Amino acid sequence: MKKYLIVVAGGKGTRMGGDMPKQFQSLGEKPVVMLTLERLHAIDPGIQLILVLPADHFELWKELCKKHSFAVPLLLAQGGSTRFHSVQNGLAQVDDIDEALVGVHDGVRPFVSPRVLADCFREAWINGAAVPMIDLQDSLRHIVGGNGATEVVPRDRYRLVQTPQVFKLSLLRRAYEQRFIEEFTDDASVVEALGEQVVAVEGNRENIKLTTPFDLMIAKTIIECWIPQQEI
């Protein structure tokens with residue numbers, strides 16, 4: 001069974017600040033997206049990685065690869081105007097293999113665990129679509145009016161969604177043949193628009209998406225305290 005992982009790294013990172021897009025900002029000694037790719041390859045070298053970048057970042061990526069002696073094998077695809085279109089472009093790099101699985105992962109999530117990656121691919125093979133999720137720890141409230149009124153929401157009915165989201169290739173191809181709508185917030189929502197269901201996989205809480213400077217602070221602690229304990 002062939003496995004692919006499309007790593008989407010096309011964001012501008014306005015919330016992160018700085019001159020460099022968030023996927024290229026340094027964490028330790030390397031850009032975040034490079035750490036993500038190295039981790040995925042270390043966990044499972046058999047996965048074909050596909051990196052999706054905006055065309056105007058290709059030259060910067062080449063320079064960073066040379067600077068950091070980056071040697072993880074991958075295919076490069078051009079990003080689109082939205083995440084949806086970027087994934088479409090990544091899918092175009094996937095061979096037409098009947099028995100294949102394709103995952104989509106955020107380039108700024110460098111801390112997925114080996115268990116989560118394996119579980120997502122296993123459950124996608126069994127059920128067609130698998131998405132990692134974690135429980136909410138904070139209380140949740142719903143805004144019910146324009147005057148600031150709120151009501152409590154049972155948090156056990158909700159989950160926080162992570163990546164990688166993994167699917168059978170035939171299913172993901174059908175999903176991305178649809179016309180784009182704003183309600184497509186992730187790959188699971190695109191697949192569900194076909195009337196298909198996705199299976200929940202328990203995620204790992206460290207698998208955060210690095211979006212703000214505060215996230216980078218947390219990431220530095222994870223590297224120091226969590227990464228050395230992982231089996232990679």
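In this predicted model, a nonpolar patch sits on the surface, made up of Met 1, Trp 125 and Ile 126, and together these residues offer about 330 Å² of accessible area. Trp 125 belongs to helix H4, which runs over residues 114–127. With a relative accessibility of 36%, Trp 125 counts as partly exposed, because that label covers values between 20% and 50%.

Helix H4 also holds a salt bridge. Here Asp 119 pairs with Arg 115, and the closest N and O atoms are 3.4 Å apart. The two residues are four places apart in H4, so about one helical turn separates them. The general geometry of a helix fits this picture: an α-helix has 3.6 residues a turn, so residues three or four places apart point the same way. The two partners differ in how much they show at the surface, since Asp 119 is buried at 16% relative accessible area, while Arg 115 is partly exposed at 35%.

Elsewhere, salt bridges that share partners tie Arg 83, Asp 106, Arg 109 and Asp 187 into one network. The count of salt bridges comes to 11. Within the network, the side chains of Arg 83 and Asp 106 meet at 3.4 Å, N to O. Arg 83 lies in helix H3 (residues 83–91) and Asp 106 in strand S6 (residues 100–106), so this pair ties together parts that are 23 residues apart in sequence. Arg 83 is partly exposed, at 26% relative accessible area, whereas Asp 106 is buried, at 7%.

Arg 83 has another partner in Asp 187, and for this salt bridge the closest N and O atoms are 2.9 Å apart. The link spans distant parts of the chain, with Arg 83 in helix H3 and Asp 187 in helix H6 (residues 187–192), 104 residues apart. Asp 187 is buried, and its relative accessible area is 0%.

Moving on to a loop, Tyr 158 lies between strand S9 (150–153) and strand S10 (159–161). Its relative accessible area of 40% makes Tyr 158 partly exposed. Leaving aside residues up to four places away in sequence, Tyr 158 touches Leu 136, Leu 140 and Val 153. For one of these contacts, Leu 136, the partner sits 22 residues away along the chain, and the C-alpha atoms of Tyr 158 and Leu 136 are separated by 7.2 Å.

Helix H7 takes up residues 213–225, which is 13 residues, and reaches 19 Å from its first C-alpha to its last. That is close to the 18 Å expected at 1.5 Å a residue. Which residues of H7 are buried? They are Asp 215, Leu 216, Ala 219 and Ile 222. These residues cover an arc of only 115° around the axis, which means that they are on the same side of H7. Cover for the buried residues of H7 comes from elements including strand S2 (26–27) and helix H1 (32–43). On the face turned away from the buried side, H7 carries the exposed residues Phe 214, Met 217 and Glu 224.

Conventions:
Residues numbered from 1 in each chain as written. Predicted model: local features only at pLDDT ≥ 70, side-chain atom pairs only at ≥ 80, totals over all residues. Heavy atoms only, no water. Patch = residues over 30% accessible without salt bridge, like charges linked within 9 Å, V, L, I, M, F, W, Y side chains within 5 Å. Areas by Shrake-Rupley, 256 points an atom, 1.4 Å probe, with all protein chains shown as cover. Salt bridge = Lys/Arg side-chain N within 4 Å of Asp/Glu carboxyl O. Buried < 20%, exposed > 50% of the residue type's maximum accessible area, 1.4 Å probe, protein only. Contact = heavy atoms within 4.5 Å. Expected span 1.5 Å × (residues − 1). Arc of directions from axis to C-beta.
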